[in-house]
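Dear colleague,

Please find the structure below, handed over for your own reading. My notes on what was found in it follow.

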Amino acid sequence: MQVKSFEEYQQVYRKSVEQPEQFWEDIANNFLWKKKWDKVLDWNFKEPRIEWFKGAKLNITENCLDRHLEKNGDTPAIIWEPNDPHEDHRILTYQQLHDKVCQFANVLKNNGAKKGDRICIYMPMVPELAIAVLACARIGAIHSVVFGGFSAQSIADRIKDAECNIVITADGSFRGTKEVPLKSIIDDALVQCQSVQKVIVLTRSHTPVSMIKGRDVWWEDEIKKVETQRNMECPAEEMDAEDMLFILYTSGSTGKPKGVVHTCGGYMVYTGYTFSNAFQYQPGEVYFCTADIGWITGHSYIAYGPLTQGATSVMFEGIPTWPNAGRLWDIVEKYKVNILYTAPTAIRSLMSFGDDVVKGKDFSSLTKLGSVGEPLNEEAWHWFDEKIGKGNCPIVDTWWQTETGGFMISPIANVTPLKPGYATLPLPGVQPLLVDENGKEIAGNGVSGNLCIKFPWPGMLRTTYGDHERCRTTYFATYPNLYFTGDGCLRDEDGYYRITGRVDDVLNVSGHRIGTAEVENAINMHSSVVESAVVGYPHDIKGQGVYAFVVCPNLHDDSELTKKDIMMSVSRIIGAIARPDKIQFVSGLPKTRSGKIMRRILRKIAEGDTANLGDTSTLLDPAVVEEIKAGAL
Ligand code: PRX
């Protein structure tokens with residue numbers, strides 16, 4: 001599945017465009033199927049309807065686990081590094097991971113789980129999180145993992161939307177010096193959720209928790225029950241290629257987060273292929289992805305992609321800056337990591353601690369580096385290259401999205417010539433296209449536009465859970481017959497792609513996707529707030545910060561306290577990741593005569609670029625803008 005030279009990449013790419021079905025069929029033949037497909041692809045972007053490998057039968061966990069047992073059962077699948085460096089690490093071989101997944105799959109069955117059920121997972125970054133995910137897939141249940149930083153309200157929204165009947169969680173989680181009471185947050189969420197019958201609770205932090213009779217059970221007790229049945233086997237449920245594998249909620253420019261749906265066959269082929277090819281993974285290499293399984297990066301490139309390839313993955317529970325900013329480098333040294341895949345925000349944050357934290361660390365094991373989540377600015381690119389890669393490691397800057405399932409535009413390590421700040425070229429099978437505001441293709445090189453994809457790829461989303469129309473309008477209706485990414489993009493003279501950021505009302509804060517509408521809704525729930533508008537502004541570490549303009553007419557003396565109250569509201573309603581960095585109280589928002597908020601102007605003010613606000617002739621009340629400019633933070 002790996003191309004070995006740039007010439008080969010160009011050939012393979014051409015084939016993937018001219019004969020996409022043949023191309024993907026050849027790739028799919030590298031995986032284990034219980035039955036092969038009747039048809040490789042059936043599609044239209046109008047409805048949209050996308051079906052890959054229709055008629056094929058498989059279980060992704062047989063590809064992630066069983067397939068490796070005979071030859072590589074003793075190969076480490078997961079090396080787990082705890083939050084506290086003094087706690088023992090854990091290694092699970094493919095055989096051990098297989099057995100634990102089967103055991104827990106039996107636990108799920110004992111607790112009433114069956115094929116097609118939706119199961120919410122809200123857990124710390126411990127091996128049991130990967131085990132829970134794979135156990136769901138083993139029995140054909142659809143997992144919906146919710147990142148451990150989301151609030152009770154956010155979890156409740158997700159559980160209700162997917163009508164989950166089981167929740168898998170832990171007593172608490174450790175992140176740096178913080179302890180997060182996961183079970184208690186789940187308890188708060190479940191007050192609103194009638195569909196949940198069972199909560200399975202892993203012991204991690206030994207935080208006291210309240211266990212509800214008949215509903216809540218301990219992971220460890222349930223495992224004992226299946227152990228006594230001596231049950232380390234669990235037959236893998238036969239899944240159709242187009243059966244749902246998981247739902248993952250992500251933010252958009254409007255409304256509540258939507259449940260992006262990925263299916264079994266195409267997602268497996270796509271994540272396995274892209275992992276193998278872009279990172280040029282070789283057996284025996286140690287791969288470390290610093291993401292959390294709560295995000296798509298963790299799903300595709302900690303769990304499924306690497307496991308289908310029999311890779312050894314490091315899984316890290318903690319944060320890069322604790323106990324100190326050398327933590328990631330200590331992990332690299334400890335496990336002799338060969339491939340390090342991280343995010344620009346982490347790189348910038350570690351950069352800001354100065355060179356002392358990298359001095360004396362042994363990076364000699366590293367051969368390949370990767371980045372994901374937001375544009376990797378040139379300064380950070382060079383620092384990563386020089387200080388970590390020692391000028392010897394290609395930087396694989398992977399552009400992709402929750403919706404794309406896997407890498408789309410990305411260098412292939414040691415194959416694609418690199419350019420700092422560029423995601424470079426589309427991977428085989430990916431057909432990007434730039435369009436102008438009217439959807440007209442912008443051909444040629446040295447151009448910029450909105451990034452679309454014109455042909456399906458196996459890892460793409462199939463629908464948004466419970467609301468197919470929302471999937472259509474969000475991704476396939478802006479430009480007919482194209483998938484619209486929401487990103488702006490530049491294609492330079494060499495045909496290289498550089499992603500310039502979102503062109504919609506979605507923020508990218510430390511690589512986390514946040515809808516401005518969601519944050520505004522949360523702010524507006526505060527009792528003193530009349531209305532608000534949220535925009536992004538450039539932030540040295542986070543990439544973007546959250547800037548909120550808030551109308552609060554009866555503000556009392558203590559406006560600082562009100563700001564804190566508003567921040568607290570956002571944390572409670574969404575989660576701390578969406579908390580505004582800046583709040584400016586204003587007497588009104590700049591609106592057009594038809595009542596639309598002119599965000600363009602607010603964005604400029606937030607960016608500090610007030611000299612050139614562009615056309616303000618449609619403003620209802622220009623005085624408001626002057627006031628906001630004068631009070632800008
Ligand atoms: O704006 C792009 C940015 O992250 C968005 C997708 O966010 P999410 O679905 O949360 O997935 C993040 C992990 C895949 C994109 O629309 N983005 C992601 N990777 C890059 C990027 N922007 C620039 N360069 C990247 N490598």
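**Cores**

In this predicted model, the largest nonpolar core takes in 163 residues, and I121, A132, V133, A135 and F288 have the most contacts inside it. The element that gives the most to this core is helix 5 (residues 127-139), with 10 residues. A132 is in contact with F104, I121, M123 and I168, leaving aside its neighbours within four places in sequence. Another core lies apart from the largest one; it has 34 residues, including V546, C552, A606 and I628.

V101 is a useful residue to look at beside A132. The two are 31 residues apart in sequence, and their C-alpha atoms are 7.1 Å apart in space. V101 lies in helix 4 (residues 94-110). Is V101 buried or exposed? V101 counts as buried because 27 other C-beta atoms lie within 10 Å, and 20 or more are enough for that label. Neighbours within four places in sequence aside, the contacts of V101 are T61, L65, I131, L134, A135 and R138. One of these, A135, is also among the residues with the most contacts inside the largest core.

**Ligand surroundings**

The ligand is surrounded by 22 residues. Which of them are the closest? They are W399, Q401, T402, I499 and R513. By type, the shell around the ligand holds 10 polar, 7 nonpolar and 5 charged residues. Four elements each supply at least two residues of the shell: helix 10 (296-308), strand 20 (395-398), strand 24 (483-491) and strand 25 (497-502).

**Annotated spans**

Two domain features come from UniProt, and both are from an unreviewed entry. The record places "domain: Acetyl-coenzyme A synthetase N-terminal" at residues 9-64. In the model, that span is 43% helix and 25% strand, and its end C-alpha atoms lie 27 Å apart. For "domain: AMP-binding enzyme C-terminal", the record lists residues 518-596. Here the chain is 28% helix and 29% strand, with 17 Å between the end C-alpha atoms.

**Backbone points to check**

Most residues other than glycine have a negative phi, and most peptide bonds are trans. The following places depart from that.

- E47 and P48 are joined by a cis peptide bond, with omega about -10 degrees. P48 sits in the loop between strand 1 (39-44) and strand 2 (49-54).
- W322 to P323 is also a cis peptide bond, with omega near 0 degrees. P323 is in the loop between strand 17 (312-316) and helix 11 (327-334).
- F53 is not a glycine, yet its phi is positive, about 55 degrees. F53 is in strand 2, and it counts as buried because it has 28 C-beta neighbours inside 10 Å.
- Q280 has a positive phi near 50 degrees and is likewise a residue other than glycine. Its place is the loop between helix 9 (264-279) and strand 16 (286-289). Q280 has 20 C-beta neighbours inside 10 Å, so it counts as buried; the cut-off is 20 or more.

**Confidence**

Where pLDDT is low, the predicted coordinates should not be read in detail. In this model the chain averages a pLDDT of 96, and 100% of the residues score at least 70. The scores for the model are ipTM 1.00 and pTM 0.96.

Regards

Terms used. Residues are numbered from 1 along each chain as its sequence is written. This is a predicted model: local features need pLDDT of at least 70, side-chain atom pairs count only at pLDDT 80 or more; totals for chains, interfaces and linings use all residues. A nonpolar core is a set of buried Ala, Val, Leu, Ile, Met, Phe, Trp, Tyr and Cys residues joined through C-beta atoms within 7 Å. A residue is buried if 20 or more other C-beta atoms lie within 10 Å of its own, exposed if 12 or fewer, and partly exposed in between; C-beta atoms are placed from the backbone. Two residues are in contact if their C-beta atoms, placed from the backbone, lie within 7 Å. A residue is near a molecule or strand if its C-beta atom, placed from the backbone, lies within 6 Å of it. Ala, Val, Leu, Ile, Met, Phe, Trp, Tyr, Cys and Pro count as nonpolar, Asp, Glu, Lys and Arg as charged, and the others, Gly among them, as polar. UniProt positions are given in the numbering used here, feature names are shortened, and annotations may be inferred rather than shown by experiment. pLDDT is the predictor's confidence in each residue, from 0 to 100.
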